[in-house]
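Q: Please take a close look at one part of this model, the strand pairing, and work outward from there. Keep it brisk.

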Amino acid sequence: MSVHFEERSGVIPCKTPWGSWSQTMEEVFIEVNVPHGTSGKEVKCNLGSKQIELHVKGQQVFKGKLFGTTVADEGTWTLEDKCMVRIVLMKTNREAGNCWASLLEGEYCADAWTNDITNPGFDFSGADISGNFAGGGPDFSSLRK
C-alpha cells in the first residue's frame, strides 16, 4: 500500500477555503487551487519577509502579515498544471519548536491537534548526549527479564 508523502513525513496540511498550507521546521508550503487554465500572467504574488499577498485573475486570494518571518529572497511560487499555485517560504527561525500556529496572524490557523502532532514540543537542542556509541551504544542487557 502506498502512503502519501505528507503522511510519511509527518507534515499535515491545514485546510483553507482556497487550498491548504503545511510546514516543517525550515519551510512553509502553500497550495492554492486556482481556476483551470490559469496562466502565469494572471497570478500576482508578492512574497516579503513578513507579508504575503496573492491575486489570481484580478481577485485577492489572501493578503496579510505572516505568523513568522521568512527569508524574502528565497521564497518561490510556481503555477502547476494551470490549476494550482504552489508557494514555498523559508523560515528565518529554523530551530526545533518553531511551529507556526497559523499562516497569517489570526488567519488560517492550524487546529490544536494538528499543531501538537507536527510539533509535540520535543526540543533536544540543550541535551547532553553521552554514551559508548562507538562501541554500539549503551548496554541494556541487564534490563531483560
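A: Start with one pair of strands in this predicted model. Strand β2, residues 19-23, pairs with β3 in the antiparallel sense, over 5 bridges. One contact point can be named: G19 has V32 of β3 as its bridge partner.

Now widen the view. The pair belongs to an open sheet of 5 strands. Their order is β1-β2-β3-β8-β7, and the pairing is antiparallel. The edges are β1 (14-16) and β7, each of which pairs on one side only. On average, neighbouring strands of this sheet are turned by 15° against each other, direction ignored. Strands of a sheet pair through backbone hydrogen bonds, either parallel or antiparallel.

Next, the nonpolar core. The largest one has 23 residues. Those with the most contacts inside it are W21, I30, I52, L54, F62, I87 and L103. Five elements are listed as giving two or more residues to this core: β3 (27-33), β4 (43-47), β5 (51-56), β8 (84-90) and β9 (102-104). In soluble globular proteins, nonpolar side chains tend to be buried together.

F62 deserves a closer look. Leaving out residues up to four places away in sequence, F62 touches W18, I30, V32, I52, E53, L54, I87, L104 and Y108. V32 is thus in contact with F62 and is also the bridge partner of G19.

Y108 leads on to the backbone. This residue lies in strand β10, residues 107-109. Its phi is positive, about 60°, although Y108 is not a glycine. Y108 is buried, with a relative accessible area of 19%; the cut-off for buried is under 20%. K82 also has a positive phi, near 55°, and is likewise a residue other than glycine. K82 sits in the loop between β7 (76-80) and β8.

Last, the cysteines. The structure holds 0 disulfides. C99 is in none, and its nearest cysteine sulfur, that of C14, is 8.2 Å away. A disulfide needs the two sulfur atoms within 2.5 Å, so C99 stays unpaired. C99 is buried, at 16% relative accessible area. For C109, the closest cysteine sulfur is again in C14, at 9.3 Å, too far for a bond. C109 is exposed, with a relative accessible area of 51%.

Key:
Residues numbered from 1 in each chain as written. Predicted model: local features only at pLDDT ≥ 70, side-chain atom pairs only at ≥ 80, totals over all residues. Heavy atoms only, no water. Core = buried A, V, L, I, M, F, W, Y, C linked by side-chain atoms within 4.5 Å. Buried < 20%, exposed > 50% of the residue type's maximum accessible area, 1.4 Å probe, protein only. Helix = DSSP H or I, 4+ residues; strand = E, 2+ residues; numbered from the N terminus. Contact = heavy atoms within 4.5 Å. Pairing = 2+ DSSP bridges. Axes fitted to C-alpha atoms, helices over the stretch in contact; angles between N-to-C directions.
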